[in-house]
Amino acid sequence: MAAEEHEGEQERDSIKEKARLRLREFDVRDRFSHLPLARASVLLPLMVRAGKLHLLLTVRSMQLRRSPGEVCFPGGKSDATDKDEIDTALREAKEEVGLQPEKVEVICRLVPGIDKMNYLVTPVVGFIEDTFQPSPNPDEVSNVFVVPLEYFIKPLNYQTVPYKTSSGYHGRMHSFTYDDPEHKMSFRIWGLTAHFAVFLALVIFRRRPTFEIDYDLDNLISSSESYFMNLYASVYERKKSNI
Ligand SMILES: CCCC(=O)SCCNC(=O)CCNC(=O)[C@H](O)C(C)(C)COP(=O)(O)OP(=O)(O)OC[C@H]1O[C@@H](n2cnc3c(N)ncnc32)[C@H](O)[C@@H]1OP(=O)(O)O
Ligand SMILES: [Mg+2]
């Protein structure tokens with residue numbers, strides 16, 4: 001192996017090892033799995049490219065009933081055959097972009113989110129190879145692209161959108177526009193997908209973003225969990241009063 005290649009490999013291993021250690025501190029395992037909501041999972045696929053962490057994202061097909069054309073992570077609803085949230089994320093990533101489960105090094109599950117259909121959505125973080133060539137299933141995915149993870153704390157084009165859910169919960173939604181040099185296209189990443197990407201970047205970089213966030217960076221574990229529990233409580237109350 002040439003000396004340069006060896007150095008590149010060492011650098012990649014050290015970036016991954018640092019990220020692994022940080023992510024493991026935030027692993028929620030099955031702590032939220034008992035909550036009585038329908039379940040979905042997404043895979044947050046991380047790779048090292050040109051000495052930097054990158055995240056792989058997809059654009060949903062325009063034929064889908066839910067959220068057509070929106071950017072999201074590979075993922076979907078839980079199946080009766082899935083053992084846990086990790087199984088769901090890996091199965092969906094295989095179906096949607098042709099990523100083989102054995103090619104993913106699963107690191108952890110992060111604090112879940114709740115989507116507009118009141119699904120409990122668990123983000124599963126895993127490393128994939130930078131050589132991965134996606135084969136998008138055209139029924140579900142129209143495009144696949146990668147974004148440097150750092151973009152989600154130091155964006156060039158960012159907006160914050162205040163929102164209120166059907167359960168009455170007030171919050172802010174992040175919205176990023178990313179000009180992808182590879183596809184020569186702009187992608188808008190917002191809502192739940194942006195929420196997960198920002199949290200992942202905060203966990204790994206522990207740096208203050210250039211925009212406001214709803215967490216206390218000095219107490220990221222407890223503040224992210226209480227943010228989620230407040231959201232869950234408002235959804236739960238609403239569901240109870242609708243019974
Ligand atoms: C409160 C904040 C709300 C927001 O943030 S909206 C703003 C931005 N949007 C986002 O961030 C996207 C967030 N959503 C998501 O990530 C996903 O919707 C979520 C929650 C993981 C759920 O995953 P989905 O991808 O919707 O679910 P899924 O993959 O199980 O199924 C999608 C639909 O595809 C269908 N499908 C599956 N395999 C197929 C096949 N082989 N051929 C054709 N259709 C197929 C499947 O039936 C489903 O259809 P349907 O949605 O049930 O009508
Ligand atoms: Mg899906």
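Visitor: Which residues come nearest to ligand 1 among the 24 around it?

Guide: In this predicted model, Arg65, Glu70, Lys77, Leu192 and Thr193 come nearest of the 24 residues around ligand 1, where a residue is near a molecule if one of its heavy atoms lies within 4 Å of it. Local features need pLDDT of at least 70 and side-chain atom pairs count only at pLDDT 80 or more, whereas totals for chains, interfaces and linings use all residues. Residues are numbered from 1 along each chain as its sequence is written, chains are lettered from A and ligands numbered from 1 in the order in which they are written, and side-chain values use heavy atoms, with hydrogens and water left out.

Visitor: What makes the pair formed by leucine 192 and ligand 1 a polar contact?

Guide: A polar contact is a pair of N or O atoms within 3.5 Å; within protein, one must be able to donate a hydrogen and the other to accept it, and residues adjacent in sequence count only if both atoms are side-chain atoms. A backbone N or O atom of leucine 192 lies 2.6 Å from an oxygen atom of ligand 1, and for arginine 60 a polar side-chain atom lies 2.8 Å from a ligand oxygen atom.

Visitor: Which classes of residue make up the shell around ligand 1?

Guide: The shell has 8 nonpolar, 5 polar and 11 charged residues, with Ala, Val, Leu, Ile, Met, Phe, Trp, Tyr, Cys and Pro counted as nonpolar, Asp, Glu, Lys and Arg as charged, and the others, Gly among them, as polar.

Visitor: Why is serine 67 called buried or exposed?

Guide: Serine 67 counts as buried because its relative accessibility is 17%, and buried means under 20% relative accessible area, exposed over 50%, partly exposed in between (1.4 Å probe, protein chains only). The side chain of serine 67 also makes a polar contact with the side chain of lysine 116, at 3.5 Å, and serine 67 has a positive phi of about 50° although it is not a glycine.

Visitor: Why does alanine 50 count as buried or exposed?

Guide: Alanine 50 has 83% relative accessibility and therefore counts as exposed. Its phi, too, is positive, near 50°, in a residue other than glycine. Most residues other than glycine have a negative phi.

Visitor: How is valine 106 classed, and why?

Guide: Valine 106 has 30% relative accessibility, so this residue counts as partly exposed. Between valine 106 and glycine 8 there are 23 Å in space, C-alpha to C-alpha, and the two are 98 residues apart in sequence.
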